[in-house]
Amino acid sequence: MSHGNNKRKVKYYKEVLDKLNLKYRKEKGRFLLYSIQLYHYLQKLVGIGYINKRIPRDLLELDKEHLRFLWKGLLSSDGSIHKIVGTKVYYTSNKKLAYDVLELLVKLGFSGRIKKRGPRTSKMEGREIKSRETYEVILKTTERLYFGFL
């Protein structure tokens, strides 16, 4: 991601948080929110702990315009976009959430697939980091472009 793109994202998130009148601070590239009401609301809405998180059925029944916003939000928080081929990937340790995201893509008119990766070990700053089993929800944007030309 380019430096300019990061600046646009930070500006966008700041504007949204200001409009919502939420108290926050920016620290180490993250926004930390201070709202006990929002915390409790989100706990009820999406679940507590990585294994219990889901996209609520009510959200998956929204119109395409709102579903696009949901997809963009998920991708900007736990996803990536391959710069050359345009493949978009959402990452989660929760199998049920991965299938919720796949359903979201289908409702947006895309095809996608889920790739399961086993636990891995890597090193960061001299420390060994062990990851959980991961699910990648993969959307290759070129599939939709080709579909449009058939």
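This passage describes a nonpolar core, a buried threonine and a surface patch in a predicted model. Local features need pLDDT of at least 70 and side-chain atom pairs count only at pLDDT 80 or more, while totals for chains, interfaces and linings use all residues. Residues are numbered from 1 along each chain as its sequence is written, and side-chain values use heavy atoms, without hydrogens and water.

The largest nonpolar core (buried Ala, Val, Leu, Ile, Met, Phe, Trp, Tyr and Cys residues joined through side-chain atoms within 4.5 Å) has 18 residues. Those with the most contacts inside this core are Trp 71, Tyr 90, Val 101, Leu 104 and Val 137. Two or more residues each come from helix 4 (64–78), helix 5 (95–107) and strand 8 (134–140); helix 5 gives the largest share, six residues. Helices (H or I, at least four residues) and strands (E, at least two) are DSSP runs, numbered from the N terminus. Beyond four places in sequence, Val 137 touches (heavy atoms within 4.5 Å) several residues, including Tyr 90, Val 101 and Ile 114.

Thr 92 belongs to strand 4 (residues 87–92). Its relative accessible area is 10%, so Thr 92 is buried (under 20%; exposed is over 50% and partly exposed in between, with a 1.4 Å probe and protein chains only). A polar atom of the Thr 92 side chain lies 3.1 Å from the backbone nitrogen of Asn 94. Leaving aside neighbours within four places in sequence, Thr 92 contacts Leu 97, Ala 98, Glu 133, Thr 134 and Tyr 135.

Tyr 41, in helix 2 (residues 36–46), counts as exposed because its relative accessibility is 51%.

Conventions
Polar contact = N/O pair within 3.5 Å; in protein donor to acceptor, adjacent residues only side chain to side chain.
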